[in-house]
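Reader: Could you take me through one part of this model up close, a helix and the aromatic rings around it? I'd love a friendly walk from one residue to the next.

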Amino acid sequence: MSSPFPIERAVESFCSGVIPWGPFYEHVVGYWEESRKRPDEVLFLKYEELCRDPKDQVRKLASFLGKSFCPTKNGDNDDDDDVVEKVLQRSSLGRLKELEVNKNGVLEIVPIPNAHFFRKGTVGDWKSCLTPQMAKRIDHLTQFKLRGTGLSLDDF
């Protein structure tokens, strides 16, 4: 699958904050700060944490939403672990990649095929896409933008 535009251009746009969804760091820091001020209203999850301990993170999300896994809606007597496992299977990257909308749909705001938003889903796979110079630029920008917030993205 070819990229809609070169990775060098994507990194430049990201670092400049010129992307359709606005400056990344400002969004992340805004949600981070709100999650600290209003933890009952804003839940801040990191993808890496979700990958490291998916069951615990799904339980954390359910608790935040005020939902319980047992008993299930359809009356099954599945225990908590079975229901959590079903949630994880149904929301897995592999399953989401196979949905028709993600295989053939297009993001209309920037006409990019939805399939371009799905890669391996492996923590650290960015290393196979970015040059060391690109990674260093993003790391420096991340440290600068997150300085003083108490948020760290480099612990994975």
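Author: Happy to! One definition will help us along: a residue is called buried under 20% relative accessible area, exposed over 50%, and partly exposed in between. Please keep in mind that this is a predicted model.

Let's begin with Tyr25. Its relative accessible area is 4%, so Tyr25 is buried. Phe24 has a value of 33%, which means that Phe24 is partly exposed. The count of aromatic pairs comes to four. Phe24 and Tyr25 form an edge-to-face pair, with 5.1 Å from centre to centre and 80° between the planes. Ring pairs also bring in Phe14, which joins Phe24 and Tyr25 in a cluster.

Further along is the pair of Trp32 and Phe44. Their ring centres are 5.1 Å apart and their planes meet at 75°, so this pair is edge-to-face. It links distant parts of the chain: Trp32 belongs to helix α2 (residues 24–37), while Phe44 sits in the loop between α2 and α3 (47–52), 12 residues apart. How buried or exposed are these two partners? Trp32 has a relative accessible area of 11%, so Trp32 is buried. Phe44 comes to 18%, under the 20% limit, and so Phe44 is buried as well.

Now for the helix itself. α2 has 14 residues and spans 20 Å from its first C-alpha to its last, close to the 20 Å expected at 1.5 Å a residue. Its buried residues are Tyr25, Val28, Val29, Trp32 and Ser35. Where do these buried residues fall when you look down the axis of α2? They lie within an arc of 125°, so they line one face of the helix. A general point helps here: an α-helix has 3.6 residues a turn, so residues three or four places apart point the same way. On the other side of α2, Tyr31 and Lys37 are exposed.

For a contrast with the buried rings, have a look at the surface. Trp21, Ile109 and Phe117 form a nonpolar patch there, with about 350 Å² of accessible area together. Phe117 is found in the loop between β2 (112–113) and α8 (132–146). Its relative accessibility is 44%, so Phe117 counts as partly exposed.

To put α2 back together: Tyr25 and Trp32 are among its buried residues, Tyr31 and Lys37 are exposed on the other side, and Trp32 pairs edge-to-face with Phe44.

Definitions and conventions:
Residues numbered from 1 in each chain as written. Predicted model: local features only at pLDDT ≥ 70, side-chain atom pairs only at ≥ 80, totals over all residues. Heavy atoms only, no water. Patch = residues over 30% accessible without salt bridge, like charges linked within 9 Å, V, L, I, M, F, W, Y side chains within 5 Å. Areas by Shrake-Rupley, 256 points an atom, 1.4 Å probe, with all protein chains shown as cover. Salt bridge = Lys/Arg side-chain N within 4 Å of Asp/Glu carboxyl O. Helix = DSSP H or I, 4+ residues; strand = E, 2+ residues; numbered from the N terminus. Buried < 20%, exposed > 50% of the residue type's maximum accessible area, 1.4 Å probe, protein only. Phe/Tyr/Trp six-rings, centres within 6.5 Å; stacked < 30°, edge-to-face > 60°. Expected span 1.5 Å × (residues − 1). Arc of directions from axis to C-beta.
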